[in-house]
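Student: I'm new to this one. Could you take me through a single part up close, the sheet and what packs around it?

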Amino acid sequence: MSHAPLENDRFLRALRRQPVDRTPVWLMRQAGRYLPEYRATRARAGSFLGMAKNPEIACEVTLQPLARFDLDAAILFSDILTIPDAMGLGLYFAEGEGPKFERPVRDAASIAALSVPDMETELRYVMDAVRLIRRELRGKVPLIGFSGSPWTLACYMVEGGGSKDFARIKAMALNEPAALHTLLKVNTDAVIAYLAAQRAAGAQALQVFDTWGGVLSPAMYREFSLPYLSRIARELPRGEGDQRAPLILFGKGNAAHLEALADSGTEAVGVDWLVELGEAARRTGGKVALQGNLDPAVLYGSPDAIRVQARAALDNYRDGNGGSREGHVFNLGHGMSPDMNPEHVAVLVEEVHTYSAR
């Protein structure tokens with residue numbers, strides 16, 4: 001399939017640490033409930049999964065924030081739990097409780113029964129959405145595909161949903177580490193296949209969300225999350241030269257591991273707001289681009305407060321990067337919340353572009 005040339009490639013250029021005219025910006029959960037148009041679409045679709053599994057609706061929702069804000073990338077509207085759902089765990093959403101699985105995996109036998117889903121059958125709705133979005137973007141900005149990390153997927157698969165203390169999966173890590181490694185291996189195989197299929201369908205950059213990496217002690221992170229992230233960075237086919245789809249490894253609470261992540265072979269590391277960008281830049285030494293890292297709660301501040309914080313983050317990156325602004329994608333340190341004001345998002349996006357203009 002031939003595609004329109006990119007009108008705005010500063011996001012991809014920043015991920016390659018090439019010069020850009022201004023710092024690119026996109027926001028985790030930029031398509032979501034803080035937008036009235038999203039809420040209207042969701043009401044029409046009937047459910048979150050009804051939106052994610054319908055390529056036309058997923059495309060519509062992906063494009064909604066781009067119609068409102070001058071964002072430098074689109075991200076596929078989907079969910080991180082598509083892979084375990086396709087493995088047969090029975091994903092559903094309980095009102096007010098978030099995602100749950102009907103059939104969690106809690107022993108070696110149920111883990112041994114898992115296999116990598118077929119990307120163009122069980123997960124075809126995701127690939128169809130990627131193809132449709134890429135076509136409808138008409139080269140305006142690049143499209144980001146994504147996946148949950150092997151560890152983060154395992155958390156939901158073992159716990160059966162979200163968790164406050166991650167007791168079940170940490171017990172498995174302590175008592176049955178071999179079973180957990182078997183689970184992480186099949187998840188890693190699936191993530192590599194899933195991201196490769198998204199790239200083949202048209203995704204131009206790929207992000208792995210290690211949302212729950214930060215609940216692990218440093219030693220457990222090095223055993224149960226980092227090796228699998230590194231394997232993705234090593235083995236995921238991404239193309240060559242200007243056609244290469246850069247990989248971003250994002251983790252909440254990953255500051256202790258920045259050097260190791262920078263050595264993984266990834267193109268970029270996403271950081272949360274608990275580490276300063278300047279420190280992250282110094283510690284990663286120009287090996288990777290950095291993405292982040294405004295505290296999402298800053299969007300509850302006044303427009304003037306938002307501008308001050310955006311400038312501070314941009315300055316901090318430059319100070320830690322030897323005065324250079326290259327190699328930075330501006331983002332939040334985590335996703336947006338449903339009660340945030342779209343007008344505040346517009347202020348942030350505009351300030352990042354205006355203040356960072358070269």
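**A close look at the sheet**

Tutor: Sure! Keep in mind that this is a predicted model. What you want to find is an open sheet of seven strands, paired in parallel and ordered β1-β4-β5-β6-β7-β8-β9. Its edges are β1 (74-75) and β9 (328-332), each of which has a pairing partner on one side only. As for what holds such an arrangement together, strands of a sheet pair through backbone hydrogen bonds, either parallel or antiparallel.

Let's start at the β9 edge. Strand β8 (residues 289-294) runs parallel to β9, and five bridges join the two. If you'd like a spot to zoom in on, look for Asn 293, which stands opposite Asn 331 in β9.

Now for the helices. Helix α10 (residues 177-201) packs on the sheet, where it touches β4 (143-148) and β5 (205-210). The direction of α10 makes about 165° with that of β4.

From there, move on to helix α12 (residues 226-235), which is mostly covered, with seven of its ten residues buried. Those buried residues are Leu 226, Tyr 228, Leu 229, Ser 230, Arg 231, Ile 232 and Ala 233. What do they pack against? Two of the sheet's strands are among their partners, β5 and β6 (247-251). The helices they pack against are α8 (150-159), α11 (218-224), α13 (258-262) and α10, the helix that also touches β4 and β5. So when you trace α12, follow its buried residues to β5 and β6, and you're back at the sheet, where β5 and β6 sit next to each other in the strand order.

Conventions:
Residues are numbered from 1 along each chain as its sequence is written. This is a predicted model: local features need pLDDT of at least 70, side-chain atom pairs count only at pLDDT 80 or more; totals for chains, interfaces and linings use all residues. Side-chain values use heavy atoms; hydrogens and water are left out. Two strands pair if DSSP finds at least two bridges between them. Helices (H or I, at least four residues) and strands (E, at least two) are DSSP runs, numbered from the N terminus. Contact means heavy atoms within 4.5 Å. Axes are lines fitted to C-alpha atoms, for helices over the stretch in contact, and angles run from 0 to 180 degrees between N-to-C directions. Buried means under 20% relative accessible area, exposed over 50%, partly exposed in between (1.4 Å probe, protein chains only).
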